Amino acid sequence: MAMVDRLSDLSEPILIHILSMLPDGKDVVRSSVLSKRWRFLWRSVPISLDFSFPEDTYLGLPESGELEILDFVNSTHRELLYWGSGQKIRKFNVVVNFSVPERFDKDIDLWVYFATKKANVEDFTLECLSGYKLPQFAFKNSSMRNLNLQYCKLKLEPSVNVNWSNLVSLSVGYVKLTERVMGKILSGCPNLECLLLDFIWGFDRLEISNVKLKKLTINSYETSECDVWLEILAPHIQNLELLGYSSGIRLKNVAALVTAFFRIDFQFDFGEADRSEKNEISCLKELLHSVAHVKNLELSHWCIKVYLYSSLYRIQNIFFLDLEFLMCY
């Protein structure tokens with residue numbers, strides 16, 4: 001009895017969906033030999049590309065020699081040449097930690113150009129643990145919807161006006177930012193809905209006027225000046241998360257806030273334990289006062305501990321004042 005090819009009788013959208021479930025993009029290409037119906041179907045399947053070097057990128061300093069890095073770089077170039085013939089690339093991830101970073105900056109520039117100008121990917125992750133300065137051409141792109149930038153050589157420096165017109169989610173980490181740079185970035189993202197700032201420093205005021213931006217997450221904020229707090233003005237955000245270790249944070253305008261999650265440990269290094277403790281209590285109290293109107297509030301164990309300690313401290317003070325008053329009589 002002849003075999004019936006029921007799979008090829010399925011509609012094209014269903015076939016594309018089936019092919020998109022394959023973990024290896026090259027397997028998608030190999031499907032073109034199945035039948036005439038499948039010959040060019042692979043070109044319509046969005047794929048994800050991931051490049052990581054070394055495999056244990058996050059485990060300390062790189063130990064690989066320049067020849068090993070060169071092999072990886074050349075291999076990546078070949079892969080991109082292979083996929084650059086019209087294939088739809090939805091996600092593009094590059095995570096590298098080179099022992100000689102400057103030697104390969106131009107190669108990373110080519111990968112960034114591929115992602116932002118040639119392939120026009122929707123999701124782009126660039127993590128260069130060894131340091132990298134984002135090229136100016138990357139600040140203009142209308143196809144990206146999700147962008148994750150980490151370790152961009154301590155400072156993002158757009159000399160041009162930022163134009164990430166369709167960006168919905170932006171994550172920036174381990175980088176020095178200034179108020180001017182943040183203003184440029186935010187003004188160039190009119191459709192931004194989620195912003196994650198992960199271990200950032202260099203500014204003490206964050207003003208967010210983007211109407212569509214509803215979620216703000218800050219994971220660890222540092223400042224070299226002990227008495228300087230980060231002021232946040234974000235009248236349109238509805239969800240706020242403060243995480244990690246941070247210097248003082250002050251909320252000036254969060255009128256639309258609905259949900260707040262504080263899993264934060266303040267770091268006030270004055271060299272005086274009592275003074276640091278008082279600043280921690282003061283900062284937490286001010287934060288809680290600023291979000292008194294929210295419907296949902298979640299606090300970490302540390303925040304609850306500090307708050308309870310401050311309440312107990314206040315009760316003890318009242319008790320001792322009453323005791324001193326009674327002793328006077």
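The legends below describe three close-up views of a predicted model.

**View 1. A sheet of three strands.** In this view, three strands make up an open sheet whose order is β7-β9-β11, and the pairing between them is parallel. The edges of the sheet are formed by β7, which covers residues 205–207, and by β11, which covers residues 249–253, and each of these edge strands pairs on one side only. If direction is ignored, neighbouring strands of this sheet are turned against each other by 15 degrees on average. As general background, strands of a sheet pair through backbone hydrogen bonds, and the pairing can be either parallel or antiparallel.

**View 2. The pairing of β9 with β11.** Strand β9 is made of residues 230–233 and runs parallel to β11, to which it is joined by four bridges. For one residue of this pairing the partner can be named, since a bridge links Ile232 with Leu251, the latter lying in β11.

**View 3. A cavity and its lining.** The structure contains one cavity of 30 Å³ or more, and the volume of the largest cavity is about 40 Å³. The lining of the largest cavity consists of Val112, Thr116, Phe124, Leu134, Ala138, Met144, Leu147, Leu149 and Trp164. Helix α4, spanning residues 105–118, and strand β4, spanning residues 146–155, each contribute at least two residues to this lining. When the lining residues of the largest cavity are sorted by character, eight are nonpolar and one is polar, while no charged residue is found there.

Notes:
Residues are numbered from 1 along each chain as its sequence is written. This is a predicted model: local features need pLDDT of at least 70, side-chain atom pairs count only at pLDDT 80 or more; totals for chains, interfaces and linings use all residues. Side-chain values use heavy atoms; hydrogens and water are left out. Two strands pair if DSSP finds at least two bridges between them. Axes are lines fitted to C-alpha atoms, for helices over the stretch in contact, and angles run from 0 to 180 degrees between N-to-C directions. On a 1 Å grid over the protein atoms alone, a cavity is a set of points where a 1.4 Å probe fits but cannot get out, and a pocket is an open set with protein on both sides within 12 Å along at least five of seven lines; lining residues have an atom within 4 Å of a point. Grid points are joined across faces, edges and corners, and a volume is the space filled by probe spheres set on the points. Ala, Val, Leu, Ile, Met, Phe, Trp, Tyr, Cys and Pro count as nonpolar, Asp, Glu, Lys and Arg as charged, and the others, Gly among them, as polar.
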